[in-house]
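User: I would like a close look at one part of this model, set in the context of the whole chain and followed by some individual residues elsewhere. Please take the points in a connected order.

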Amino acid sequence: MKFIPGKDRKQTCLFPVSLDDSIDSENSVRSIDQFVDSLNLAELGFRSDFTENGPPAYNPAVLLKLYIYGYMNRIRSSRQLEKECRRNIEVMWLLESLAPDHNTISNFRKDNAKAIKKVFFATVQMARNFGLIGATLIAGDSTKFRAQNSKKNNFNKKKIQRHIDYIDNKLEQYNKALEQSDSENEKEVIKKDIDKHQGRRKEYEKLNAQLKASGEPQISTSDPDSKHLIVRNNITEVAYCVQSTVDADHNIPFDYLVTNKNDSKAMGQMLQRAKTILGTNTFTALYDKGYHTGSEFKTANKLGIKTLVAIPGIGRASQAPDPNYNSEHFKYNKEHDTYTCPQGNILKSNGSTYKGRNYRFKQYKTNKCKACPARALCTTSKANGKVVQRSEFHKYIEANAKSVLQNPDAYKKRQAIVEHPYGTIKRQWSFDHIMTKKTMQRASADVGFMFIAYNLKRIWNIIRKTNTPRVQDHWSLIRLITTVLTGFEEAYKQNSKYRILAPI
């Protein structure tokens with residue numbers, strides 16, 4: 001059987017192939033090169049002034065190209081990128097054979113979080129100029145990315161106290177053993193153990209003091225901004241929560257925000273950012289039940305934005321023995337400020353408002369509960385009978401429930417819209433953790449490159465599939481990149497919609 005022969009490694013070429021000839025005209029590195037060269041990196045915040053003393057610095061465009069290429073090819077490690085500079089012919093072409101070391105590569109991502117976010121906004125502007133963002137239907141959600149901080153190095157008050165109690169118990173045992181020991185060698189060993197545990201106790205006392213000073217419920221020692229969060233069901237991780245907003249037309253994210261909090265108070269802020277970025281409030285926003293918070297509905301109402309948020313189930317403590325007697329079946333009379341129960345009895349308020357965890361509310365009840373034949377079906381309370389609470393945000397919650405029931409087909413699109421980027425980034429690319437540590441700002445730089453890579457791949461794949469005459473080949477595409485980004489710098493200077501709207 002014959003096989004295809006290889007070329008002699010020692011054979012020289014009379015006419016050597018240039019680096020440019022080695023890169024196919026359809027290769028995506030040409031688009032990355034054109035995209036970065038189209039940006040004014042100094043305007044976006046990348047450092048461009050360096051002292052003349054010492055060795056010359058790398059142009060920020062070189063490192064930005066390297067990172068975009070790396071993330072688009074599932075390479076995030078600075079050491080791995082350093083290797084690619086010396087062995088990957090595509091990277092050699094892209095960087096013009098430059099090979100920065102891993103410290104330089106790492107520091108670039110660490111020190112340019114805000115500028116990286118502005119590069120992300122440049123991809124959003126490019127998508128808008130191509131007509132890929134409709135700004136009529138958007139969806140928001142969050143996902144958790146594991147931080148560079150183990151559960152072992154995350155502490156709350158109870159965990160610290162548990163460690164201190166354990167150490168105190170061990171010290172008591174060691175002191176008793178020391179009193180009962182007659183051997184000098186044994187005493188020396190016990191004293192060393194006592195000193196070790198006393199040192200550990202001081203460390204936990206120091207952590208406890210830091211926790212009290214911070215005012216936070218928990219503290220992480222390796223990555224201080226990361227928090228112990230519920231990832232799904234009862235599974236927890238020390239992680240960051242990344243909020244994102246995605247346009248429905250082509251599943252393109254146009255905003256992201258790295259946080260260390262859950263979703264309950266996130267919707268209002270993300271809608272404000274979406275309104276500013278898109279320059280309109282005529283869109284409809286879709287969110288899941290984790291965002292179902294009265295104060296956030298009030299914020300959406302003030303912004304004039306229509307929202308469809310999934311209605312969470314009634315908690316077990318609020319369930320009536322018979323579901324037909326749940327408070328949702330009690331009819332509210334706005335004129336008289338009363339509720340009517342399924343039995344026709346009127347529940348009234350005493351006019352007082354009470355303070356809940358995050359809101360104020362009124363209570364409605366009636367003395368007819370005592371003799372009501374349906375009492376056993378309605379409530380398990382033996383003293384007060386049925387009590388219905390109405391929060392200060394109830395009218396906004398009711399309006400959302402009505403919108404969801406009227407637009408069931410629109411809400412069904414939510415998961416397909418917003419989960420598309422997360423599915424690609426986390427499942428297909430395996431980016432399920434944060435590479436950087438120490439601050440939320442550095443974590444934002446890592447997430448920023450994820451979304452830049454996603455947007456560029458998504459945009460280029462979509463426009464390549466179009467049959468429009470102006471995008472018939474790859475060279476037309478990369479010429480258009482410059483065209484669609486024209487005016488981005490001026491727009492950035494004049495209009496706040498391209499600025500970072502909140503701390504990273």
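To begin with the whole, what percentage of the 504 residues of the protein chain count as buried? Then, for the close look, at what angle do helix 3 and helix 6 pack, and how far apart are their axes?

Analyst: The model is a predicted one, and in it 44% of the 504 residues of the protein chain count as buried. The chain holds 18 helices and 14 strands, and its accessible surface comes to about 28100 Å², with 47% of that area belonging to carbon and sulfur atoms. If one takes the contacts between residues at least 6 apart in sequence, 69% of them join residues at least 24 apart.

As for the part you single out, two packed helices are described by the angle between their axes and the distance between the axes. Helix 3, which spans residues 60–72, packs against helix 6, residues 102–111, at an angle of about 85°, and the two axes lie 10 Å apart. Because angles of 65 to 115 degrees count as roughly perpendicular, helix 3 is roughly perpendicular to helix 6. On the side of helix 3, the contact is made by Pro-60, Leu-63, Leu-64, Leu-66, Tyr-67 and Tyr-71, while helix 6 contributes Thr-104, Ile-105, Ser-106, Phe-108 and Arg-109. Sorted by class, the residues of this contact are 8 nonpolar, 2 polar and 1 charged.

Helix 3 also packs with helix 4, residues 78–87, where the axes come within 11 Å and cross at roughly 105°. That angle makes helix 3 roughly perpendicular to helix 4 as well. Here Leu-66, Tyr-67 and Gly-70 of helix 3 meet Ser-78, Leu-81 and Cys-85 of helix 4, and the residues of the contact divide into 4 nonpolar, 2 polar and no charged. Leu-66 and Tyr-67 thus appear in the contact with helix 6 and again in the contact with helix 4.

Turning to backbone geometry, most residues other than glycine have a negative phi. Ser-97, found in the loop between helix 5 (89–94) and helix 6, has a positive phi of about 70° although it is not a glycine. Ala-135 likewise has a positive phi, of about 60°, without being a glycine, and its place is in the loop between helix 7 (113–129) and strand 1 (137–146). Because its relative accessible area is 12%, under the 20% limit, Ala-135 counts as buried.

Further along the chain, Leu-303 lies in helix 11, which covers residues 294–303, and with 9% relative accessibility Leu-303 counts as buried. Leaving aside neighbours within four places in sequence, Leu-303 is in contact with Gly-268, Leu-271, Gln-272, Lys-275 and Asn-281. For one of these partners, Asn-281, the C-alpha atom lies 7.2 Å from that of Leu-303, although 22 residues separate the pair in sequence.

A last group of residues is tied to strand 13 and what follows. Lys-365 lies in strand 13, residues 360–365, and is partly exposed, with a relative accessible area of 40%. Not counting residues up to four places away in sequence, Lys-365 touches Ile-346, Leu-347, Lys-348, Lys-386 and Val-387, and the C-alpha atoms of Lys-365 and Ile-346, which are 19 residues apart along the chain, are separated by 7.9 Å.

Thr-366 is placed in the loop between strand 13 and helix 12 (375–378), and here the residue is buried, with a relative accessible area of 14%. With residues up to four places away in sequence left out, Thr-366 touches Asn-345, Ile-346 and Leu-347. A polar atom of the Thr-366 side chain lies 3.4 Å from the backbone oxygen of Ile-346, and a polar atom of that side chain lies 3.2 Å from the backbone nitrogen of Lys-368. Ile-346 is therefore touched by Lys-365 and also by Thr-366, given that contact means heavy atoms within 4.5 Å.

Past helix 12, Thr-379 has its place in the loop between helix 12 and strand 14 (388–391). Thr-379 counts as buried, at 14% relative accessibility, and its contacts beyond four places in sequence are with Pro-321, Gly-385 and Lys-386. Lys-386 is also among the residues that Lys-365 touches.

Technical notes. Residues numbered from 1 in each chain as written. Predicted model: local features only at pLDDT ≥ 70, side-chain atom pairs only at ≥ 80, totals over all residues. Heavy atoms only, no water. Axes fitted to C-alpha atoms, helices over the stretch in contact; angles between N-to-C directions. Helix = DSSP H or I, 4+ residues; strand = E, 2+ residues; numbered from the N terminus. Parallel < 35°, antiparallel > 145°, perpendicular 65-115°, else oblique. Nonpolar A, V, L, I, M, F, W, Y, C, P; charged D, E, K, R; others polar. Buried < 20%, exposed > 50% of the residue type's maximum accessible area, 1.4 Å probe, protein only. Areas by Shrake-Rupley, 256 points an atom, 1.4 Å probe, with all protein chains shown as cover. Polar contact = N/O pair within 3.5 Å; in protein donor to acceptor, adjacent residues only side chain to side chain.
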